[in-house]
Amino acid sequence: MDCCLSRIHSSPVNIRQQHHNTLTCVCLPLQFEAEYRRFALKKNGAGSFQEFYQLLQTIHRIPGVDVLLGYADIHGDLLPINNDDNFHKALSSANPLLRIIIQRRDEDEPVVFPTNSLQRRKKGLAGLRPSQQKNKPALLIGLPQDFRQISSIIDVDILPETHRRVRLHKHGTHKPLGFYIRDGVSVRVTPQGVEKVPGVFISRLVRGGLAESTGLLGVNDEILEVNGIDVAGKSLDQVTDMMVANSHNLIVTVKPANQRNNVVHRGSKASAGNGSAGSGGSALSHESAHSPASQTVSQCSNSNSVAEGDSDDDDTDLIIESDNLPSYTPHRSLANGNIHGNTPSSGVFGHRPLPQSVSLPSSSSLSDSKASLSSLTTPTHNGSPTKTSSSQESMREDGNFITL
Amino acid sequence: MFFRLRPCALDELKHTLSFPFVQTVEHGFPNQPSALAYDPKLQLMAIGTKSGAIKVYGAPGVECTGLHKETATVTQLHFFPGQGRILSLLDDNTLHLWEIEQKEQCSHLEEVCSFMLPGRSGIESTSATRVTVLLPKLSCDLLAVGTEGGGVHFLELPSFTLLDRSIFQDEIMQSVPEEYKCGKSLGPVESLQEHPQHPDKILIGYSRGLVVLWDLQIFVVCVFLLQQLESLVWVRSGNSFVSSHSDGGYMVWPVSSSTPCTHEPVTSTIPYGPFPCKAVNKILWRTTESGAPLVLFSGGMPRASYGDRHCLTILQDSQHITLDFTSRVIDFFTIHCIDRDKEFDDPLALVVLLEEELVVIDLQTAGWPTIPSPYLAPLHSSAITCSYHISNVPTKLWDRVISAGQRQCHLQTHTNWPICGGKNLAPSPKQQELLLTGHEDGTVRFWDASGVSLRPLYKLSTANIFQTDCDHNDSLTQAGEEDWPPFRKVGCFDPYSDDPRLGIQKICLCKYSGKLLVAGTAGQVIVLYLCDEKSDHMIDVATVDLLQDREGFTWKGHDRLPPKSSSVPFAPGFQPVVLVQCMPPAAVTAVTLHAEWNLIAFGTSHGFGLFDYHRRLGFHSRCTLHPNDSLAMEGPLSRVKSLKKSLRQSFRRIRKSRVSGKKRVQEANAQLAEQDAEVTPVQRRIEPRSADDSLSGVVRCLCFADTFLRDGTHHGPTMWAGTNSGCVYAYALDVPSQDKFSEQSVEALLGKEIQLMHRAPVVSIAVLDGRGNPLPEPYEVSRDLAKAPDMQGSHSVLIASEEQFKVFMLPRVSAKTKFKLTAHEGCRVRKVALVNFSSVASEDYSENGLVCLTNLGDIHVFSIPALRPQVRYDCIRKEDISGIASCVFTKTGQGFYLISPSEYERFSLSARVITKPLCQLDVDRPHDPSELSSAGVHIIIPCHGIISVSVRQSHTKPMAHTKPSRQERASLWVMLKVKVQCLKCRQLQSSLEQFSHVGFM
C-alpha cells in the first residue's frame, strides 16, 4: 500500500492548464473483447467520479458489471481512477486525449498498476526482460480504498534517534500480530560506566505476521515502552499482559538491534519508502499538498495521528440489543415484532449478523472531545471515499468482523 | 510496603478514608508443625513449625507469633515456666531465646538472643556439638545441653554463658564400671531429665542404652539397657524412672544409691509384643490419686500388622485405649498438677500434636473423650476447594447453625478447654461472621470467623445424596475392626477423597432465608434450606441440558453423580430441596441465588442455566460454547496423555495436604514451566485474545439485580452472566409476584449482549444504583435491614474483566468510566469485590470501594463508580498461586487467603474493621537477670581473633516520669545491648558486665 501511494505521489505531476472545453476519452476495455470507444466529455462539467463511472457503464453497455478504471498519464503510467480526486486529476492531465482502460474487477487476478506499464508495452520492453522475473508474481498492490494502515513510526521528533516507536494496528486483519518476546540483558551506558540491566526483547517474528510484514520490528529489538508505559522493572509476564491488553492498538517503543535504518529527523522522502506512512505522510502532506493522491494519504494519516493522542477509546465494546425484549414503549415492540421467532436460545449470535440492531455506545455519553476522536478513529483506517459513512454503516460492512 | 495515594474526589476529601493494609492473624492449623512445648505455670502452649515459626496459644483469643530470621525447622521448644520465655532449637543447631512482650494490648514474641555451641578445640566435626536434647532446669537459671558427641554442657540463663562444667563422654566412661561400657562410644545424648525432688540431680540417657544419674559433678548411679534408648521420664516421687526403647517396650527402674549399678528393672513390658514392634518414641508416666499410674506412650505398634499406624496408647490398670490418628504424632504432653506439695500428678488432659491437627483427650472423664479445640482447627481435614464469606449474619440463622452443629458432635465432652493462659482483651465481635469452606470430599464446613480463633460450627456433607462406592457414614465413630489392639479413631484429618466429583466448587448462601446453594465438580447444583427437624425424604432431581442440541460435541469427561433413588435420612441442619444436574456434567464455575425470587443461576464451561427451585423447573439455559472450542468438551479427566497425567494428578492430590505451601508453589511453577517448555523455553507470544480461544465459553460470573434493562423508567429483575471470552449476557426476567408464584412461571428474555472488545474473561459483574452504591442483597430492603437503593437516578453496571474495569450506564449500556489495569500495570485481575469502608473518625460515614487482587498478588483499591485508583499494596507473593486463587474478601474490607493448605491468613484494608489478637499475658520474669541482660554490654571472648561489636538494640529510659531537668537528662539510664559475634565462625561470644548508668548527651 505504502509503496503504491508513495509511487503515485512521486510520479512527477505536470499540471498544464488546459484551455480546451472538451476532451476526448479513449476507452480500452482490456479484458473484455477488445472494444474501443471514443467519446467526448466536457472538461468543466465532468461531474463526480460516480457519474463518470455510470457514464462508462452505459457507453459500454455493461451496467452492473464491477469494473476498474485506469488511465494513462503523460508518462505512460497506468494509474487508477476510483475517486473524485484522481478522476479530476486524470481529466486535468488529458491533453486532450485521455486514455481510459476499463477492466473487469476480478477476484482471482489482482489488479496491478505497474509503473510505465503502458510505455513498456509499447516499446516491447517486456520481451527483453529475463524470463524468471516474468514468472514472478507481480507485486500485489491494491486500490487505496482497500488499504488500511497497519503500522506507523510515530513520535520521531521527540524520541532519540536510536529508538523507534512503532504502532501496530491489529484491528480488522486476519493476520496475527505474530511476535514473541523474551527476557534478556540490556547494556546501558551510565555515567558510572556500562551497566547491565534486565530487559525485554523481541525473540521471534512469525512468518506472515503483522509484525514481520511491517518491517519495523526485528528480532532482538529491545522493548522499552508499551503504550507509553516504561517496562523497566516489569517481568516478562507483565509485559506480555500489557501488550496483549493493548493489542488492538499496540504502540511499542523499541531500541532496534539494527541501528542502521533509523529515521533521520528532518524527514527526507527516503523514509517514506519504508512504509512509514504515519510520519512520512504527514510530512508529505505539507510539501506536496497539490497532489490529490497524496492528500488522501495525508488525510488518513492525519486522522490517525490525532487518534494517537487518545488511543484509549478505540476499543469500544460491541453491544447487541436483542430487540425481542418486549419493551414498555409500544413503537419499539412493533418495529421489531418480526424477529420474534429468533429466540435467544436458538444458538449463537454475535458471530452471525442476525437481524438485531447493533448500536455503538452513543458518543454523547462520552465527553465531546473523546467522542469526536472515537468517531474519527473507528472507521477511517481505510482512508477511502467511504470515510464519510457513519460508524454504523462501516460496522455492517464488516459483517461479523467487529472493527470498532 | 509500597504505598501510593492518589488524590480523592472533593467529597472524599472531607472524610478521607485510609486503607491501611495489615495482615492481622493466621487462622487454622500451622503448616508442618515440628515441636511442641507447654508452660504449666502460665498455661500456654507453643508450637514450632518447619518454616521457623513459633506460635503461642493460651485461652481462646490469646495467641502470639514469632518467626525466626532463619527459615529452619524448629526442632525443640521449651518454656521457662512462668517467665514468658521460650527457648527454641533450630535444625541449624542454633539456640534462640524468645520473650513474650506486652505492647499496648497485644502480646508479641520477640527474639532476645541466640547462641550456638562453640566447637571443642581440636575436634573439627560438627556433629560432636550438634545439640540433641535441651533441659532447662525448673529454676530457670541453668540449661543443660546434650550433644550428639555425648557431651552435656551447661549454660547460664538467660545470658547463654557457657559454664565450665561440661560433662564429656570420657568422664562418664571413666566412672562407669567396665561391664557397662559398650564399645568405645556411648552414642548421642538421647534424654536429659531433671530429678523431680532434687534439682541438682540429672538423669542422662545415651542412645546406645546407658543411663546415668549425676548429682552436679558426682556420678551417682547407672543402669544399662540392652535396647537402644528412646526416651526417659521420672516418676513423680523420684524413686524410679521409666525408659522406653526401640523394640517397642518400656521398663521401670528403681533409683537407690545403695546399688549404684543395676541390670534389673522393676518391670519390663512390651505392650504389643511378642512379635517385633516399633519403637516407643516417647513415654509419660503419671501417677493418680485413684491408684494405678497412667502410662501414655506413642508408637510401639506391632511392626508387621500395624507398623504404619500413627498411634498413642493410654494405659491405666486394665483400661487400654490405642488412639489411632490419621497423621504422624509430633509430640504430646499432659496437663497435670505441678504443685510440689501434692503427691500425685493427677493429669487433667492429654494434648497430642499431630502433623495435621491437635487432639486433646479429657483424662478425668471416664472413657477418655476428646475435647473440641476452640482454635487450631484443621481447615484442611479434606482439601479446601473454595471459600465463601458472609458478614453480619443475623442472630436467627447463627443460632440455628450452631444448634445444628452441636447435634453433630458425638464423643466430645464440653469440659472447659484446659489450656487457658492469658486474658483475651478483644471486645466481643460486633457482628457475627461466617466463613464457609467447600472441600474435596463434598463437605461444606461452617466456621465462626467473627474473632481471632476460627471455630468450627457445623459440617454439611453432600455425599450422602449420591450413590458412590463408599459408605459415607461417619467412620470416626465406629469402633476398630478388631478387638486387639483396642483402636479408637481420633481426629478428623482425612485427606483421601472417595470421589473427586464430589468436590465443592461454588457456594452461595442467603443469610436471611437460610437458603444455601452448593455446586460441585460433576455439575451438581444443590439447593438446601435450614431445617431444625430430622427428615427422611427423596430428593427431587432435575437435569438441565446446557448444550442445547449443539452439534459436533461429545463430552468425554466424567459421568454425573448418580443420585440415590431411595429416600435419604437427614439430620437437623441444611437439607436438600432440589438437586439440579448440568449436562454435560462439567464442574460448575459460577452460581448465584436470589431467595426472594426463588431463583438460582449456575454456569459451567458450556453454558449457564436459570432454575426456579420453587416450581422445580429450569426455565432457561444457554450454551456459551464457541463452535471452535474443542477443549471444553473433553472434560478435565481425559485431556491429552490422560493416563499419565491423571495418575500424576492423583498422586499430587494425595500429597497435596502434606506438602508445604512453598513446595506446592515450586511444584506449580515447575508444572507451568513444563507446559511452556513444550512450546519454547522463555518466550511469550504476543497475540490478542481471539474469539475461538479454548474454554472461551466458561461462565465466570453470574448476578441477579433489580435494575433498568428494558428502559429508563421501569426496573425489574435481571440476570447477568459473564464468560471467559469477555461476553456479557443480560436477561430481563419476568418474575411473578409472591402470591402467583406457583401458577405463573418465570420467563427470561435476553435483553443485551455485550462483547468486550478486549475479550478478557469477565471476573465479576455488579449493578450500582443511582448513587453509585451496590444494590442491597435480597430481603435486605423488604425486611428493613438496608437502605433502599436509589431507583431515581440512572443505574449503572460495573463489569470487571481480567484486564479492565468498566462502568456502563443503564439501560443503554453506554460506557461511562473505565480503568485499564493490565494496560497500565501489566497485571491481571484475579479477584474483585465491592467493599464498604467505614471511616474511623465517624461511625456512620462509609464509602464503597472496589477491591481487586491481581495475579501478581497485590491489592488495589478503586473508588466507585469513578474507578480512581486509591491505594496499592503487596499482599501475596506472586508465586503463591494457590494463595491468590483462594483469596476471599469480606464486605467490610477484610480478606482471607490460604498461606498453606491448612492456614488462612486474615488481612484488613479497613482502618475500622480489624480482627487481630488482643491479649494479655502476665509474665513473671525475675527482674535482676533480665535487667542485666538488657542493660549491659556483652564482652567479647575472641574466638578466631576477629571481633566485631554490633549495637543491636538501644533505648533510653528516663529515670522519672516527671520532666527531667537538664542535670537529670544528662544522666539517663542508657540501656545498651551489644551483641558480639565472631566474624569468622559467626559464633556468639559473650559475657556479661554491668554497664548501666551512663552519663550521656
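Here is a short walk through a predicted model, starting with chain A and ending at a sheet in chain B.

Start by selecting chain A and colouring by secondary structure: you should find 14 helices and 14 strands. Of its 404 residues, 49% count as buried. Switch on a surface and you're looking at about 20,800 Å² of exposed area for chain A, with carbon and sulfur atoms supplying 52% of it. For a feel of the fold, take the contacts between residues at least 6 apart in sequence: 63% of them join residues at least 24 apart.

Now recolour chain A by pLDDT. The chain averages 62, and 47% of its residues reach 70 or more. Pick out strand β10 of chain A (residues 222-226), which has the highest mean among the chain's elements, at 93. Then jump to helix α1 of chain A (residues 2-10), which has the lowest, 32. Widen that selection to residues 1-21 of chain A: pLDDT stays under 50 throughout, and the model has 33 contacts beyond four places in sequence for this stretch. Residues 267-313 of chain A are also below 50, with 61 contacts beyond near neighbours in sequence. Where pLDDT is low, don't read the predicted coordinates in detail.

Last stop, chain B. Select β43, β44, β45 and β46, which line up in that order as an open, antiparallel sheet. The edges are β43 (590-594) and β46 (617-623) of chain B, each pairing on one side only. From one strand to the next, the twist averages 10°. Zoom in on β44 (residues 599-603) and β45 (residues 607-612) of chain B, an antiparallel pair joined over five bridges. Which residue of β45(B) stands opposite B:Ala601? Click across and you land on B:Leu610.

Terms used. Residues are numbered from 1 along each chain as its sequence is written. Chains are lettered from A and ligands numbered from 1 in the order in which they are written. This is a predicted model: local features need pLDDT of at least 70, side-chain atom pairs count only at pLDDT 80 or more; totals for chains, interfaces and linings use all residues. Side-chain values use heavy atoms; hydrogens and water are left out. Helices (H or I, at least four residues) and strands (E, at least two) are DSSP runs, numbered from the N terminus. Buried means under 20% relative accessible area, exposed over 50%, partly exposed in between (1.4 Å probe, protein chains only). Contact means heavy atoms within 4.5 Å. Accessible areas come from the Shrake-Rupley method with a 1.4 Å probe; for residues, only the protein chains shown count as cover. Two strands pair if DSSP finds at least two bridges between them. Axes are lines fitted to C-alpha atoms, for helices over the stretch in contact, and angles run from 0 to 180 degrees between N-to-C directions. pLDDT is the predictor's confidence in each residue, from 0 to 100.
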